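I opened this model to look up how its interior is put together and how its aromatic rings are arranged. My notes follow in the order in which I looked things up.

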Amino acid sequence: MMRSADSSKVSYASAIAALNQLQSGPNCRAARQRPGGQDRSLEMAQLADLAARVGLHQTALAGLRPVHIAGTKGKGSTAAYTERLLRACGLRTGLFTSPHLVEVRERIRLDGRPISRSEFAEQFWRLHDDLTAATAATSGFEFPRYFRFLTFMALRLFVEQAVDVAIVEVGIGGRYDSTNFIKEPWVCGIASLGHDHTALLGGTLDKIAWHKEGCGHTDATPSATSFHSQR
């Protein structure tokens, strides 16, 4: 059933409560830290397919002129600086970052401002209904968890609002991050590299860099190229 998303606190509160139910537990996160590039590549292909079923076709995403930013330290700041510079040039911007400080709606910004509570609730329940229908109609599709849901929600809002450019911060890694179903980013940026999320990304800078430089493609096998961080 389509839910009414007016400016009432109940509507926003119910959206937040439902969103929090999508958070992954420790066992689910550990399972996703399995090796095997082929499995993850298939997972990313399925994610792109599910995105298309809720209106996030690659043509629509390319029209956002996405600026995709990965890195260990400073990727959030880089995304924020990039958004401000582009907005100062007169472009209409969408910004998706994580985590948030006070409210989750801070992660999704239009023209530098977090979306309102009423807008968040409306977008949340509309996408929730669409994803419920899409996953029910197709076997093998898993309802997106917390971060993936918010990624879909942000990008769909940016498409609907016809922003000139969307700045998207990677969550973890890059190659298999939830933001990487965007197959044709306009620009890719990488901030400084360091050792983080080593259980998922690998214990060396070469392995970590392979994930970080993977925005825009999901090759199954790491390249033999050696990467070095300039800190």
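These entries go from the whole chain to the cores, then to the aromatic rings and a few single residues.

**Entry 1, the whole chain.** I note at the start that this is a predicted model. I counted the secondary structure and found 9 helices and 6 strands. Of the 231 residues in the chain, 45% are buried. I then looked up the contacts with a separation of 6 or more, and residues 24 or more positions apart account for 74% of them. For the accessible surface I have about 11,400 Å², with 53% of it belonging to carbon and sulfur atoms.

**Entry 2, the nonpolar cores.** I keep one general point in mind here: in soluble globular proteins, nonpolar side chains tend to be buried together. The largest nonpolar core in this model has 44 residues, and the members that touch the most others are Phe120, Phe152 and Phe158. I looked up which elements supply at least two residues each to this core, and the list reads helix 1 (9-20), helix 3 (37-53), strand 3 (108-110), helix 6 (117-137), helix 7 (146-160) and strand 5 (165-169). Helix 7 provides the largest share, with 10 residues. Another core, of 7 residues, lies apart from this one, and among its members are Val67, Leu86, Leu95 and Ile167.

**Entry 3, Phe120 and its ring partner.** Which residues does Phe120 contact beyond its neighbours within four places in sequence? I listed Tyr12, Ala15, Ile16, Leu19, Val104, Arg105, Ile115, Leu150 and Met153. Phe120 counts as buried because its relative accessibility is 0%, and Phe124, also at 0%, counts as buried too. Both residues lie in helix 6, where they are 4 residues apart, about one turn of the helix.

**Entry 4, the aromatic pairs.** A pair of aromatic rings is described by the distance of the centres and the angle of the planes. The count of aromatic pairs comes to 7. For Phe120 and Phe124 I have ring centres 6.4 Å apart and planes at 10°, so I entered the pair as stacked, given that planes under 30 degrees apart count as such. Both residues belong to one aromatic cluster, which is formed by Tyr12, Phe120, Phe124, Trp125, Phe143 and Phe149.

**Entry 5, Phe143.** I found Phe143 in the loop between helix 6 and helix 7. Not counting residues up to four places away in sequence, Phe143 touches Leu22, His128, Leu131, Thr132, Thr135 and Phe149. One of these, Leu131, is 12 residues from Phe143 in sequence, and the two are 6.8 Å apart in space, C-alpha to C-alpha. Phe149 is buried, at 0% relative accessibility. The rings of Phe143 and Phe149 have centres 6.1 Å apart and planes at 25°, so this pair is stacked.

**Entry 6, Thr151.** I also looked up a threonine in helix 7, Thr151. Is Thr151 buried or exposed? Thr151 has 0% relative accessibility and therefore counts as buried. Its side chain reaches the backbone oxygen of Phe147 at 2.8 Å. Apart from its neighbours within four places in sequence, Thr151 is in contact with Phe96, Ser178, Thr179 and Phe181.

**Entry 7, a charge over a ring.** My last look-up was Arg65, whose charged end sits over the ring of Trp186, 4.8 Å from the ring centre.

Technical notes. Residues are numbered from 1 along each chain as its sequence is written. This is a predicted model: local features need pLDDT of at least 70, side-chain atom pairs count only at pLDDT 80 or more; totals for chains, interfaces and linings use all residues. Side-chain values use heavy atoms; hydrogens and water are left out. A nonpolar core is a set of buried Ala, Val, Leu, Ile, Met, Phe, Trp, Tyr and Cys residues joined through side-chain atoms within 4.5 Å. Buried means under 20% relative accessible area, exposed over 50%, partly exposed in between (1.4 Å probe, protein chains only). Contact means heavy atoms within 4.5 Å. A polar contact is a pair of N or O atoms within 3.5 Å; within protein, one must be able to donate a hydrogen and the other to accept it, and residues adjacent in sequence count only if both atoms are side-chain atoms. Rings of Phe, Tyr and Trp (its six-membered ring) pair if their centres lie within 6.5 Å; planes under 30 degrees apart count as stacked, over 60 as edge-to-face and the rest as tilted. A charge sits over a ring if NZ of Lys or CZ of Arg is within 6 Å of the ring centre and within 35 degrees of the ring normal. Accessible areas come from the Shrake-Rupley method with a 1.4 Å probe; for residues, only the protein chains shown count as cover.
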